[in-house]
Amino acid sequence: MSNKAPKIITRRQAIATVAARFEKQYALRMMETGSRKDRKPWGEIHAELKKLDPKTATEQDVADIIGNTSWTELTCDQCKQPADAIARFTSPDATTDICKACIDKTKAAFTTTEQAT
Ligand SMILES: [Zn+2]
């Protein structure tokens, strides 16, 4: 169990940190010199991501480089809806992302229950 407060992650943060996260995940592959069949080399993708302005780059800019939106999408693990921001709860064995709407519903449920008891 972790007693740390959840970390709030916004789509802007997801876009701004994509180059660093990509590098962390693909550091070894980026050193490969052989070209990937029909695909951009990892190092080239990383170089293009690093050129993005973290303050103004859009989700589409990232998708145009990587080929999909999985690196900037934030999805709530409770309601499964896309969100502009999520609260990330981490424990040693799981990471759970929850949107503000679900947090608000949870707060309301706590309040209702506490008032009834
Ligand atoms: Zn939700």
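Strands β2 and β3 make a hairpin, with two residues between them. Strands here are DSSP runs of E of at least two residues, helices are runs of H or I of at least four, and both are numbered from the N terminus. The model is a predicted one, so to speak of local features takes a pLDDT of at least 70, and side-chain atom pairs count only at pLDDT 80 or more, while totals for chains, interfaces and linings use all residues. Residues are numbered from 1 along each chain as its sequence is written.

The hairpin belongs to an open, antiparallel sheet of three strands, ordered β1-β2-β3. On the edges sit β1 and β3, each pairing on one side only; pairing calls for at least two DSSP bridges between the strands. Neighbouring strands are turned by 30 degrees against each other on average, direction ignored. Strand β2 (residues 85-91) meets β3 (residues 94-99) over six bridges, and Thr90 stands opposite Thr95 in β3. On the other side, β1 (residues 7-10) and β2 are held to four bridges, again antiparallel. Here Ile9 has Ile86 of β2 as its bridge partner, and Thr10 has Ala85.

Helix α5 (residues 100-116) lies across β2 and β3, at about 85 degrees to β3. Axes are lines fitted to C-alpha atoms, for helices over the stretch in contact, with angles from 0 to 180 degrees between N-to-C directions. In all, the chain has five helices and three strands, and along the sequence they come as β-α-α-α-α-β-β-α.

Away from the sheet, there is the matter of the core. The largest nonpolar core takes in nine residues: Ile15, Val18, Ala19, Phe22, Ile45, Leu49, Val62, Ile65 and Trp71. Such a core is a set of buried Ala, Val, Leu, Ile, Met, Phe, Trp, Tyr and Cys residues joined through C-beta atoms within 7 Å; buried means 20 or more other C-beta atoms within 10 Å of the residue's own, with C-beta atoms placed from the backbone. Helices α2 (18-30), α3 (42-51) and α4 (59-66) each supply at least two of the core residues, and α2 gives the most, with three. Leaving aside neighbours within four places in sequence, Val18 is in contact (C-beta atoms, placed from the backbone, within 7 Å) with Leu49, Val62, Trp71 and Thr72.

As for the whole chain, 13% of its 117 residues count as buried. The radius of gyration, taken over C-alpha atoms, is 18 Å, whereas a compact globule of 117 residues would come near 13 Å; that rule is 2.2 Å times the number of residues to the power 0.38.

Key:
Buried ≥ 20, exposed ≤ 12 C-beta atoms within 10 Å, placed from the backbone. Contact = placed C-beta atoms within 7 Å.
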